[in-house]
Amino acid sequence: MSAPAIFPTAWPVLERDGDRMRALRAFATGVQNLGSAGLPNHATGHTAGLVVAGEPGVGKTTFASGLVSALLADARNSPLVVPVLCTATSNSLPWSSLAPSMSTESLAAAMELVASAPPKPQARPVLYRIEDAHLLDTMSATYISWQVRAGQAELVATVRQLSALPESLQMLLKDSVVESLRLDPLDAADTRLLLDKAVGGPVDPDAARHLYTLTRGNPMYLREVVRSALQSGDMFNTSTGWQWRRASAVPGTLSRLIERDMAGLPDALRDVLELVAFSEPIALPLLLKMVRPQDFDACLRAEHIAFVQPPRSLVPDVVSAHPLKGEAIRAAVSVSNRLRLHQMVNVHRATADDGSPASMLRSTFWALECGLDVATPTLIRASWLAGELQDFGHAVLLADAALARTGLSPVQRLGTLAAKAFAASFIPGSDGGVADLESAWVLLPAAARQEAERHHVGPDAVAAQFLEGALAVTALRANFKLFRHDSPAAALEALDQAELLLGPVAKATLEGLRVQIHGWAGNFAPVIETGEAALSANGGEVDEPMLAYLSMFALGLGHRGGLFRALDLCREGLQVARRCTADYPWAVGELRSVAHHLILWIGDIEQLEQARLERRDFDPPGIQYDYTLDLVASANVARAQGRWMASAADLQLAVEKYGAFDRNGLGAYARAALAAVLALAGRKSEAAKALARSRGGALRGSRNIEAEILFMQLTAQAVLGDAGPAEALELADWAAARDARVTELDALHLYVELDPAAGAAVVPRLVTCGKMIDGGRARWLVEHALALLASDQVAARRARDSLAVHGVWVGARNARPALTAREHQIAVLVAAGLGNREIGERLVVSVRTVESHVGRIFTKLGINSRDQLAARL
């Protein structure tokens, strides 16, 4: 099974010493410190991995394998290398990439999505070696990212384009948890050196130049061209060196060259390659059941296929020798032949269910593809399971397959419609499952009567029999009316209708749903009442049932000013939520998001930044979370630091993402924040447009933060000159009526800023409000307002500087001098007491650039000191 002697020696590997040294430096202290004390990797001071990017054939696999060998040789505590092979034929199946590398028990534990918090350090560190990471399935990517963030693992991965990585791996790069390295093709000199090594002698300079021009330094392309030329005699040795006579048929790209070579193979060999391409990785014994051994050997000798060794098996798997070869084969196979190939392989695989959720899904898909019969209960269970594993497309397909069956019982149809509606609500461009929900709702009364007649029981007992499906439909229907239709009243009415239909057996669950809806609608009084009663009954501790509304409970307390207690509840709740992700998949994300707002209102910017960096370090995989909120969190940190254009960049991206798909209506906050920071940055025309978009959008899932949204809109209006003291006082009154004390104080402070002469009338109210709110931010807002009213410039300057430390840049909201946006940004930072070096570091510009801007600011304003600048602002 060895390769024919086409080359004098095996095709050589050209060392990329510069790239290798950069890669090793990226690992810093490397795997020897992996998982120290179970800390997040950024806490141990070294990079947690490297993603090697580059075009197909550039040598990513060889480079990454060499890097792993170097890391193993250097590590004091040798890590367990876990190879993760990703293929285009299975990447849509959840856990398909990791399943071969994990025991049934460990995979089942991972898919239970229950983890201790923080995760415990492992006895032996893990290094994931991921090939073609752009083909990594979502759940495997999420689990690996979680382990990397938690300090339990590192990774070395290859990918064609960084933008094609799964979102969880992209976030590792964005947060600098792992680094990336772009592997470029060889230059002309290295191409000639590689050619000389490959053929065992010097290559004629003209031939080397022509080969470089054709292949553009791609090592694999070069290898295939040289291989073909040696076999055909178009490359030959002379006294002046190896010559190359280009055949007119040589394709201009690597992929076309591979397509040509694959098309020219005998039918028997193509059968082998097609079976591998459509089922890789495929176990060797299974493949040999379907092809002749001599055809298999011929493909192996020609290096069209290759062996890979699964970590937990002595039997090798077979894959395409290069992904491009598999792609070329799959693209050329007709639909009818593709079905034949699937049936040949999958009829052997359909029974390979080891009892795990992932295996159950795979066997269900394979059986359907083969035209085998799948029991209806299995289809329904698989649909729900796919949705829970966030494989929403397959969840809808499985539900449709179940709904197409005749003879479904009312309970089965109800559950299937609910499963489909749940999954469809996550798919952009669909109707979000509305039609299926309404079909289920119409079915519910008739189903109850049919079940009653069939079992000869009363309506209460009937409701209990299919309560799970009925409550799932009810919860989804209420959420649609709240988050999609922006109607809290309609959502509550839907719950009332359900209680009449389902009876007392559903009362407790429906009451919990009512509390949630009140919280999301911004009506916190019933939420706080429920939360306080639960804490009293639990001896002051958060329990699992409280996770249904705990984030809204904490947010309501925060609006009222009890920020420290609310933040403690979030932290305690996170510990519980991380153990209960299966039943409360949204709780972790909701609590983390609310904690972010609480810290922002407290004014602890250092803690805000730290929380942003650590936001997913100890989160178990499988939580349901809107990761666009991470962009908003990053923008809020930048805004609190006075970096308005950095904030605007993140917010603009968030607004674009929400414009494409905003399942729960969380984009309202991002739109209002964008208007505010653009106004603060002096981008008046852009700010006016952003403000108009913000005012024109529905609140939906942002109603619970409506007070802050209104204040950000008012900030933009005030900077643009479109709002004055009257609007500020109106917002303060609106907030007071809703116990939104944080916004009431912000609005009262702005009222004093805009009209100090009239501000004395609100002093008692302002002081009282400030005392109700925890944290330094509230204290200094009151101090600054009082200093303005007393015309005490020294006290006002001290309060303004302290407010900047707490994330409030009051000078930026004043009427704008004739400065550019950059000059105004630097002027505000100068007025806050920052030195030129600090400003340069914050804005990522040189000290000389800052000095130049400060000089122009002084000239334009006719001043000559930083104190005078502070007074002007």
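A residue is called buried here when its relative accessible area is under 20%. The model on screen is predicted.

**Whole chain**

Show the whole chain as a cartoon. There are 42 helices and ten strands. Of the 873 residues in the chain, 55% are buried. Among contacts with a separation of 6 or more, 70% are between residues 24 or more positions apart.

**The five-stranded sheet**

Select residues 80–85 and 179–182, which are β2 and β5, the edge strands of an open sheet. The order across this sheet of five strands is β2-β3-β4-β1-β5, and the pairing is parallel. Each edge strand pairs on one side only. On average, and with direction ignored, neighbouring strands here are turned by 15° against each other.

Add residues 49–53 to the selection: this is β1, joined to β5 by four bridges in the parallel sense. Which residue of β5 is the bridge partner of Ala53? The partner is Arg182.

Next select residues 138–149, helix α4. Helix α4 lies across β2, β3 (126–131) and β4 (153–159), and runs at about 135° to β4.

**A hairpin**

Move to residues 235–238 and 241–244, strands β6 and β7, which are antiparallel and joined by four bridges. The two strands form a hairpin, with two residues between them. Thr238 stands opposite Gly241 of β7.

**The three-stranded sheet**

A further open sheet has three strands in the order β8-β10-β9, paired antiparallel. Select 282–283 for β8 and 305–308 for β9: these strands stand at the edges with a single partner each, so each has one side without a neighbour in the sheet. Residues 317–320 are β10, which runs antiparallel to β9 and is joined to β9 by four bridges. Within this pairing, Phe307 stands opposite Val318 in β10.

Two helices can be added to the view. Helix α10, residues 267–279, packs on the sheet and touches β8, β9 and β10, with its direction at about 100° to that of β10. Helix α12, residues 293–301, lies across β9 and β10 and runs at about 90° to β9.

**Aromatic pairs**

Show the side chains of Phe, Tyr and Trp. Counting rings whose centres lie within 6.5 Å, there are eight aromatic pairs. Zoom in on Phe392 and Phe426: the ring centres are 4.2 Å apart and the planes are at 0°, so this pair is stacked. The two residues are 34 apart in sequence, with Phe392 in helix α17 (residues 392–403) and Phe426 in the loop between α18 (410–424) and α19 (434–455). Are these two residues buried or exposed? Phe392 is buried because its relative accessibility is 13%, and Phe426, at 16%, is buried too.

Now select Phe483 and Trp520, an edge-to-face pair with 5.3 Å from centre to centre and 80° between the planes. Phe483 belongs to helix α21 (residues 467–484) and Trp520 to helix α23 (residues 507–520), so the pair ties together parts 37 residues apart in sequence. Both Phe483 and Trp520 are buried.

Return to Phe392 and Phe426 and add Trp384, Phe422 and Trp586; these five residues form one aromatic cluster. Add Arg663 as well, which lies over the face of Phe426 at 3.7 Å from the ring centre. Another charge over a ring is found at Trp441, where the charged end of Arg477 sits 4.2 Å from the ring centre.

**Helix α18**

Select residues 410–424, helix α18. The end C-alpha atoms of α18 are 21 Å apart, which agrees with the 21 Å its 15 residues should span at 1.5 Å a residue. Twelve of the 15 residues are buried, so α18 is largely enclosed by the rest of the structure. Among the buried residues are Pro410, Lys420 and Phe422; Phe422 is also a member of the aromatic cluster.

**Last stop**

Finish at Thr628, in helix α29 (residues 628–640). Thr628 counts as buried because its relative accessible area is 9%. Leaving aside residues up to four places away in sequence, Thr628 touches Ala654, Lys657 and Tyr658.

Notes. Residues are numbered from 1 along each chain as its sequence is written. Side-chain values use heavy atoms; hydrogens and water are left out. Two strands pair if DSSP finds at least two bridges between them. Contact means heavy atoms within 4.5 Å. Axes are lines fitted to C-alpha atoms, for helices over the stretch in contact, and angles run from 0 to 180 degrees between N-to-C directions. Rings of Phe, Tyr and Trp (its six-membered ring) pair if their centres lie within 6.5 Å; planes under 30 degrees apart count as stacked, over 60 as edge-to-face and the rest as tilted. Buried means under 20% relative accessible area, exposed over 50%, partly exposed in between (1.4 Å probe, protein chains only). A charge sits over a ring if NZ of Lys or CZ of Arg is within 6 Å of the ring centre and within 35 degrees of the ring normal. The expected span of a helix is 1.5 Å times one less than its number of residues.
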